[in-house]
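Got your viewer open? Load the model and keep the selection tool handy.

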Amino acid sequence: MDDDVLRRWQQVIVFTGLPGTGKSTLAEALAVEAATPVFAGDWLLGALKPHGVLGGLSRPAFLAMYYDLLETLVRRQLMLEQSAIVDCLVDDTVADRWEKLATEYDARLRLIECVCTDEGEHRLRLEGRRRGIPGWHEVGWDHVERMRVEYPRLTREHLTVDAMNPVQRNLRLVREYSGLSQEPG
């Protein structure tokens, strides 16, 4: 494959949405298919927590550190002329910042917002999941409610997928949106 073809596919694909809406499931499935690393905020935090790095941080300092760590990993991938997948909750401000980063490396930013339109099912999924992230805790419904207030839905261009749909259907939509469709045309 020549450099122009490889560069055309260089992109930052961000899966965002409230906890329990399928971000990680889709991000990880796409990462395996596309042989692209996925950087998940919760995994970074789980690695930091045992070292006391998170203790005593104000909410603004915590969020700045969180997004800067993810951005550094994405920047490194782009410097290597490779794509990156990110699994974390973002707002328009973070998305704007990451779009500027992608543009700096002639890459595209693709935002996928994961939602669950059935609140009862959403709560059941969240309460029943066990992610097993070393050093990190499972989040409860109270956390989802707080994030719903802190992170308004994206207003910029993005794809929305509903966790009430089958994972394979959502994954197909993500592939089409990001230009990674395995089907001709």
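Here is a short walk through two helices and two loop residues. One thing to keep in mind as you click around: this is a predicted model.

**Stop 1: helix H5**

Select residues 92-104, the stretch that makes up helix H5. Want a quick check with the distance tool? At 1.5 Å a residue, these 13 residues should span 18 Å, and the end C-alpha atoms are indeed 18 Å apart, so the two agree.

Now show the side chains. Which residues of H5 are buried? Pick out Val94, Ala95, Trp98, Leu101 and Ala102. Turn the view until you look down the axis of H5: the buried residues fall within an arc of 120 degrees, so they line one face of the helix.

Next, flip to the face turned away from that buried side. Here you'll find Thr93, Lys100, Thr103 and Glu104, which are exposed.

What covers the buried residues of H5? Color strand E1 (11-17), helix H4 (59-79), strand E3 (84-87) and strand E4 (108-115), which are among the elements that do so.

Before leaving, zoom in on the start of H5. Select Asp91 and Thr93: a side-chain oxygen of Asp91 comes to within 3.2 Å of the backbone nitrogen of Thr93.

**Stop 2: Asp106**

Slide along to just past the end of H5 and click Asp106. Asp106 sits in the loop between H5 and E4. Its phi is positive, near 55 degrees, although Asp106 is not a glycine. Is Asp106 buried or exposed? With a relative accessible area of 55%, Asp106 counts as exposed, because the cut-off for that word is over 50%.

**Stop 3: Ala35**

Jump to Ala35 for another residue with a positive phi, about 50 degrees here, and again not a glycine. Where is Ala35? Look in the loop between helix H2 (23-34) and strand E2 (38-40). Switch on the surface, too: Ala35 has 71% relative accessibility, so Ala35 is exposed.

**Stop 4: helix H7**

Finish by selecting residues 141-150, helix H7, and highlight its buried residues Trp141, Val144 and Met147. They cover an arc of only 115 degrees around the axis, which means they are on the same side of H7.

What do the buried residues of H7 pack against? Show H4 and helix H6 (119-128) to see their partners. Then rotate to the face of H7 turned away from the buried side, where Asp142 and Val149 are exposed.

Methods: Residues are numbered from 1 along each chain as its sequence is written. This is a predicted model: local features need pLDDT of at least 70, side-chain atom pairs count only at pLDDT 80 or more; totals for chains, interfaces and linings use all residues. Side-chain values use heavy atoms; hydrogens and water are left out. Helices (H or I, at least four residues) and strands (E, at least two) are DSSP runs, numbered from the N terminus. The expected span of a helix is 1.5 Å times one less than its number of residues. Buried means under 20% relative accessible area, exposed over 50%, partly exposed in between (1.4 Å probe, protein chains only). The arc is that of the directions from the helix axis to the C-beta atoms. Contact means heavy atoms within 4.5 Å. A polar contact is a pair of N or O atoms within 3.5 Å; within protein, one must be able to donate a hydrogen and the other to accept it, and residues adjacent in sequence count only if both atoms are side-chain atoms.
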